[in-house]
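Student: I have a new structure in front of me. Can you teach me how to read a few of its features?

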Amino acid sequence: MRQKIRKSAILLLIVMLIVCALPTAVGAESNTLEPKLEPEATRAVIITYINADLSFTGTRADCVANVVAVSGTDSITATVTLKRKNLDNSYTTIKTWSGLSSAGNTLNFSSYHYVTSGYTYRLTISAIAYKDGDSDSDSDYDEATLN
């Protein structure tokens with residue numbers, strides 16, 4: 001009789017362990033499932049080349065920038081900025097050329113601005129190219145120090 005009670009108690013204990021562990025295992029499994037992610041939208045690549053080039057002739061900052069896009073591009077718009085690097089590593093805009101545009105797949109920019117020696121300057125071009133209802137944006141910069 002004792003053995004029968006012991007077997008029943010062990011069987012009851014095993015059933016209780018299984019029942020208690022079952023919700024934990026199910027919960028743990030559902031917590032480890034990764035959420036279904038939507039596929040990332042593809043971006044049209046229209047700009048194939050962008051470049052900013054800054055050099056100095058005396059205290060004249062020579063600013064050149066170019067953008068090339070794929071054949072069949074409708075237009076390119078751009079803004080070019082010349083900034084001076086401050087002692088705290090922030091930048092102050094000293095000249096902006098905005099509203100630059102080109103019909104077709106090439107935009108070329110060339111201008112100058114007189115600056116003060118002893119500073120580092122940054123020339124940045126930000127461009128957007130348009131083709132068949134799609135657009136692509138990109139930017140580039142160049143830094144140079146005038147001693």
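Student: Let me start with Asp-132. Where is Asp-132 found?

Tutor: Asp-132 sits in the loop between strand S6 (119–131) and strand S7 (134–146). Keep in mind that this is a predicted model.

Student: Is Asp-132 buried or exposed?

Tutor: Look at the relative accessible area. Exposed means over 50%. Asp-132 has 62%, so Asp-132 is exposed.

Student: What about the backbone of Asp-132? What is its phi?

Tutor: Check the sign, then the residue type. The phi of Asp-132 is positive, about 50 degrees, although Asp-132 is not a glycine. Asn-89 also is not a glycine and has a positive phi, of about 70 degrees.

Student: Where is Asn-89?

Tutor: Asn-89 lies in the loop between strand S3 (75–85) and strand S4 (91–103). Its relative accessibility is 53%, so Asn-89 counts as exposed.

Student: Now charged pairs. How many salt bridges are there in the whole structure?

Tutor: A search finds two. To read one, take a nitrogen of Lys or Arg and a carboxyl oxygen of Asp or Glu, and ask whether they are within 4 Å. The side chains of Glu-143 and Arg-122 pass, at 2.9 Å from N to O. Glu-143 lies in strand S7 and Arg-122 in strand S6, so this pair ties together parts that are 21 residues apart in sequence. Glu-143 is partly exposed, at 30% relative accessibility.

Student: Which side chains meet at 2.7 Å?

Tutor: Those of Arg-60 and Asp-62, again in a salt bridge, N to O. Now compare their surroundings. Buried means under 20%. Asp-62 has 15% relative accessibility, so Asp-62 counts as buried. Arg-60 has a relative accessible area of 27% and is partly exposed.

Student: Which residues does Ser-111 contact, leaving aside its neighbours within four places in sequence?

Tutor: Set the sequence neighbours aside and see what remains. For Ser-111, that leaves Ala-61, Asp-62, Cys-63 and Trp-97. You met Asp-62 in the salt bridge with Arg-60. Next, read sequence distance against distance in space. Ser-111 and Ala-61 are 50 residues apart in sequence, and their C-alpha atoms are 8.5 Å apart.

Student: What does the side chain of Ser-111 do with the side chain of Trp-97?

Tutor: The two make a polar contact, at 3.5 Å.

Student: Where does Ser-111 sit, and how accessible is it?

Tutor: Ser-111 is in strand S5, residues 106–114. Its relative accessible area is 23%, so Ser-111 is partly exposed.

Note on methods:
Residues are numbered from 1 along each chain as its sequence is written. This is a predicted model: local features need pLDDT of at least 70, side-chain atom pairs count only at pLDDT 80 or more; totals for chains, interfaces and linings use all residues. Side-chain values use heavy atoms; hydrogens and water are left out. Helices (H or I, at least four residues) and strands (E, at least two) are DSSP runs, numbered from the N terminus. Buried means under 20% relative accessible area, exposed over 50%, partly exposed in between (1.4 Å probe, protein chains only). Contact means heavy atoms within 4.5 Å. A polar contact is a pair of N or O atoms within 3.5 Å; within protein, one must be able to donate a hydrogen and the other to accept it, and residues adjacent in sequence count only if both atoms are side-chain atoms.
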